[in-house]
Amino acid sequence: MRPADLTPLARNVMQLPASVGLIFFSIAGAYLLEAFPWVGTWLLMRPDFVLIVLIFWTVNEPRAIGQGVAFALGLLMDVSDSMLLGQHALAYVLAVFGAQVLRVRILSFPLAEQTLHVLGLTVAACLVVLALNLLLGADFPGLAFFVSPVLTALCWPPVNLLLNSHAVRRRREGTS
(Lines give C-alpha, C1' and ligand atoms only; values in the text may rest on other atoms or scores of the structure.)
Protein backbone atom coordinates (compact mmCIF):
# COMPACT_ATOMS: atom_id res chain seq x y z
CA MET A 1 0.00 0.00 0.00
CA ARG A 2 1.38 3.39 -1.04
CA PRO A 3 1.34 6.35 1.33
CA ALA A 4 -1.05 9.16 0.44
CA ASP A 5 0.35 12.15 -1.39
CA LEU A 6 -0.39 15.14 0.85
CA THR A 7 1.12 17.88 -1.32
CA PRO A 8 -1.38 20.68 -1.98
CA LEU A 9 -2.88 20.98 -5.44
CA ALA A 10 -2.20 24.72 -5.56
CA ARG A 11 0.90 26.56 -4.44
CA ASN A 12 -1.02 29.38 -2.79
CA VAL A 13 -3.05 27.34 -0.30
CA MET A 14 -1.52 28.82 2.86
CA GLN A 15 -1.59 32.53 2.11
CA LEU A 16 -2.76 35.40 4.21
CA PRO A 17 -5.83 37.22 2.89
CA ALA A 18 -5.47 40.50 1.03
CA SER A 19 -5.67 43.59 3.18
CA VAL A 20 -8.98 45.37 3.63
CA GLY A 21 -7.31 48.56 2.40
CA LEU A 22 -6.30 46.95 -0.88
CA ILE A 23 -9.82 45.65 -1.44
CA PHE A 24 -11.42 48.99 -0.53
CA PHE A 25 -9.09 51.14 -2.64
CA SER A 26 -9.35 48.83 -5.65
CA ILE A 27 -13.15 49.09 -5.51
CA ALA A 28 -12.92 52.87 -5.00
CA GLY A 29 -10.56 53.15 -7.99
CA ALA A 30 -12.95 51.11 -10.12
CA TYR A 31 -15.83 53.35 -9.05
CA LEU A 32 -13.83 56.45 -10.00
CA LEU A 33 -13.19 54.96 -13.45
CA GLU A 34 -16.94 54.36 -13.78
CA ALA A 35 -17.68 57.94 -12.71
CA PHE A 36 -15.32 59.32 -15.36
CA PRO A 37 -17.36 61.50 -17.76
CA TRP A 38 -17.92 59.07 -20.64
CA VAL A 39 -19.92 60.51 -23.55
CA GLY A 40 -21.69 59.25 -26.66
CA THR A 41 -21.03 55.74 -27.86
CA TRP A 42 -18.22 55.37 -25.33
CA LEU A 43 -20.80 55.65 -22.55
CA LEU A 44 -22.69 52.71 -24.03
CA MET A 45 -19.50 50.65 -24.54
CA ARG A 46 -17.88 51.56 -21.20
CA PRO A 47 -16.44 48.54 -19.37
CA ASP A 48 -18.01 47.85 -16.00
CA PHE A 49 -14.92 48.34 -13.86
CA VAL A 50 -16.78 47.85 -10.58
CA LEU A 51 -18.15 44.51 -11.77
CA ILE A 52 -14.76 43.20 -12.86
CA VAL A 53 -13.17 44.16 -9.53
CA LEU A 54 -16.10 42.57 -7.68
CA ILE A 55 -15.66 39.35 -9.64
CA PHE A 56 -11.90 39.41 -8.99
CA TRP A 57 -12.29 39.75 -5.22
CA THR A 58 -15.13 37.23 -5.15
CA VAL A 59 -12.95 34.67 -6.87
CA ASN A 60 -9.74 35.43 -4.97
CA GLU A 61 -11.07 36.47 -1.54
CA PRO A 62 -14.49 34.80 -1.16
CA ARG A 63 -14.72 35.56 2.56
CA ALA A 64 -14.16 39.29 2.08
CA ILE A 65 -16.55 40.05 -0.78
CA GLY A 66 -19.99 38.57 -1.15
CA GLN A 67 -23.45 39.27 -2.37
CA GLY A 68 -24.14 41.94 0.24
CA VAL A 69 -21.22 44.04 -0.94
CA ALA A 70 -22.30 43.45 -4.55
CA PHE A 71 -25.82 44.64 -3.72
CA ALA A 72 -24.57 47.79 -1.98
CA LEU A 73 -22.19 48.62 -4.84
CA GLY A 74 -24.98 47.95 -7.34
CA LEU A 75 -27.21 50.45 -5.57
CA LEU A 76 -24.34 52.95 -5.58
CA MET A 77 -23.90 52.43 -9.33
CA ASP A 78 -27.64 52.86 -9.92
CA VAL A 79 -27.63 56.16 -8.06
CA SER A 80 -24.49 57.44 -9.78
CA ASP A 81 -25.75 56.43 -13.26
CA SER A 82 -29.29 57.73 -12.55
CA MET A 83 -30.69 54.32 -13.45
CA LEU A 84 -33.63 52.39 -12.06
CA LEU A 85 -32.80 51.69 -8.44
CA GLY A 86 -31.87 48.04 -8.08
CA GLN A 87 -31.04 46.96 -11.63
CA HIS A 88 -27.26 47.06 -11.20
CA ALA A 89 -27.73 45.62 -7.71
CA LEU A 90 -29.56 42.60 -9.14
CA ALA A 91 -27.03 42.19 -11.97
CA TYR A 92 -24.06 42.43 -9.57
CA VAL A 93 -25.58 39.97 -7.10
CA LEU A 94 -26.23 37.44 -9.87
CA ALA A 95 -22.70 37.89 -11.28
CA VAL A 96 -21.13 37.50 -7.82
CA PHE A 97 -23.27 34.42 -7.18
CA GLY A 98 -22.04 32.96 -10.48
CA ALA A 99 -18.45 33.79 -9.52
CA GLN A 100 -18.94 32.09 -6.14
CA VAL A 101 -20.32 28.98 -7.81
CA LEU A 102 -17.58 28.88 -10.47
CA ARG A 103 -14.75 30.03 -8.17
CA VAL A 104 -12.79 26.77 -8.03
CA ARG A 105 -13.31 26.15 -11.72
CA ILE A 106 -12.14 29.65 -12.66
CA LEU A 107 -9.00 29.37 -10.53
CA SER A 108 -8.11 26.00 -12.03
CA PHE A 109 -7.72 27.46 -15.53
CA PRO A 110 -5.00 29.68 -17.02
CA LEU A 111 -5.69 33.38 -17.50
CA ALA A 112 -7.10 33.10 -21.06
CA GLU A 113 -9.70 30.52 -20.04
CA GLN A 114 -10.48 32.50 -16.90
CA THR A 115 -11.31 35.42 -19.17
CA LEU A 116 -13.86 33.29 -21.02
CA HIS A 117 -15.55 32.36 -17.73
CA VAL A 118 -15.61 36.03 -16.73
CA LEU A 119 -17.08 36.86 -20.15
CA GLY A 120 -20.01 34.59 -19.36
CA LEU A 121 -20.54 36.35 -16.02
CA THR A 122 -20.36 39.84 -17.55
CA VAL A 123 -22.71 38.93 -20.41
CA ALA A 124 -25.20 37.52 -17.89
CA ALA A 125 -25.05 40.74 -15.86
CA CYS A 126 -25.48 42.79 -19.03
CA LEU A 127 -28.48 40.72 -20.10
CA VAL A 128 -30.13 41.26 -16.70
CA VAL A 129 -29.77 45.04 -17.04
CA LEU A 130 -31.00 44.91 -20.64
CA ALA A 131 -34.00 42.73 -19.76
CA LEU A 132 -35.03 45.04 -16.92
CA ASN A 133 -34.75 48.09 -19.17
CA LEU A 134 -36.75 46.46 -21.96
CA LEU A 135 -39.44 45.28 -19.54
CA LEU A 136 -39.86 48.85 -18.37
CA GLY A 137 -40.34 50.17 -21.89
CA ALA A 138 -36.89 51.39 -22.87
CA ASP A 139 -35.78 51.10 -26.47
CA PHE A 140 -33.23 48.48 -27.50
CA PRO A 141 -29.85 50.24 -27.31
CA GLY A 142 -28.38 48.42 -30.29
CA LEU A 143 -25.60 45.90 -30.69
CA ALA A 144 -23.03 48.34 -29.32
CA PHE A 145 -24.54 47.55 -25.90
CA PHE A 146 -22.95 44.08 -26.10
CA VAL A 147 -19.47 45.51 -26.58
CA SER A 148 -19.41 46.54 -22.92
CA PRO A 149 -19.37 43.01 -21.43
CA VAL A 150 -16.68 41.96 -23.90
CA LEU A 151 -14.52 44.95 -22.96
CA THR A 152 -15.22 44.25 -19.28
CA ALA A 153 -14.06 40.66 -19.68
CA LEU A 154 -10.96 41.82 -21.57
CA CYS A 155 -10.10 43.87 -18.47
CA TRP A 156 -9.78 40.61 -16.49
CA PRO A 157 -6.09 39.88 -17.31
CA PRO A 158 -4.78 43.37 -16.40
CA VAL A 159 -6.95 43.55 -13.26
CA ASN A 160 -5.87 40.06 -12.29
CA LEU A 161 -2.18 40.80 -12.78
CA LEU A 162 -2.35 44.19 -11.06
CA LEU A 163 -4.32 43.13 -7.99
CA ASN A 164 -2.64 39.76 -7.65
CA SER A 165 0.79 41.38 -7.68
CA HIS A 166 -0.17 43.67 -4.77
CA ALA A 167 -1.93 40.88 -2.89
CA VAL A 168 0.94 38.44 -3.40
CA ARG A 169 3.49 41.01 -2.23
CA ARG A 170 1.56 41.54 1.01
CA ARG A 171 1.11 37.82 1.50
CA ARG A 172 4.81 37.13 1.12
CA GLU A 173 5.66 39.86 3.62
CA GLY A 174 3.14 38.38 6.04
CA THR A 175 4.56 34.87 5.80
CA SER A 176 8.22 35.78 6.21
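A residue counts as buried when its relative accessible area is under 20%. By that cut-off cysteine 126 is buried, because its relative accessible area is 9%. The structure is a predicted model. Its protein chain contains 9 helices and 0 strands, and this briefing covers its overall fold, its cysteines, one buried glutamine and the second largest pocket.

**Fold and surface**

- Along the sequence, the elements of the protein chain run in the order α-α-α-α-α-α-α-α-α.
- The protein chain has 176 residues, and 38% of them are buried.
- Among contacts in the protein chain with a separation of 6 or more, 68% join residues that are 24 or more positions apart.
- The area exposed by the protein chain is about 10500 Å², of which carbon and sulfur atoms supply 70%.

**Cysteines**

- Cysteine 155 has a relative accessible area of 17%, so this residue is buried.
- The relative accessible area of cysteine 126 is 9%, which is why this residue too falls under the 20% cut-off.
- A disulfide is a covalent bond that links the sulfur atoms of two cysteines.
- Over the whole structure, a search for disulfides returns 0.

**Glutamine 114**

- Glutamine 114 is part of helix H7.
- The relative accessibility of glutamine 114 is 8%, and therefore this residue counts as buried.
- When residues up to four places away in sequence are set aside, glutamine 114 is in contact with Ile106, Leu107, Phe109, Trp156 and Asn160.

**Second largest pocket**

- Empty space left among the atoms is revealed by rolling over them a probe the size of a water molecule.
- The second largest pocket holds about 520 Å³ of space.
- Its lining comprises 26 residues, and those closest to the centre of the pocket are Arg46, Met83, His88, Val129 and Phe145.
- Two or more lining residues come from each of helix H2 (41-45), helix H4 (67-81), helix H5 (87-101), helix H7 (111-135) and helix H8 (147-154).
- Helix H7 gives the largest share of this lining, with 7 residues.
- By residue class, the lining of the second largest pocket consists of 16 nonpolar, 5 polar and 5 charged residues.

Conventions:
Residues numbered from 1 in each chain as written. Predicted model: local features only at pLDDT ≥ 70, side-chain atom pairs only at ≥ 80, totals over all residues. Heavy atoms only, no water. Disulfide = S-S within 2.5 Å. Buried < 20%, exposed > 50% of the residue type's maximum accessible area, 1.4 Å probe, protein only. 1 Å grid on protein atoms, 1.4 Å probe; cavity = no way out; pocket = protein on both sides within 12 Å on 5 of 7 lines; lining within 4 Å. Points joined across faces, edges and corners; volume = space filled by probe spheres on them. Helix = DSSP H or I, 4+ residues; strand = E, 2+ residues; numbered from the N terminus. Nonpolar A, V, L, I, M, F, W, Y, C, P; charged D, E, K, R; others polar. Contact = heavy atoms within 4.5 Å. Areas by Shrake-Rupley, 256 points an atom, 1.4 Å probe, with all protein chains shown as cover.
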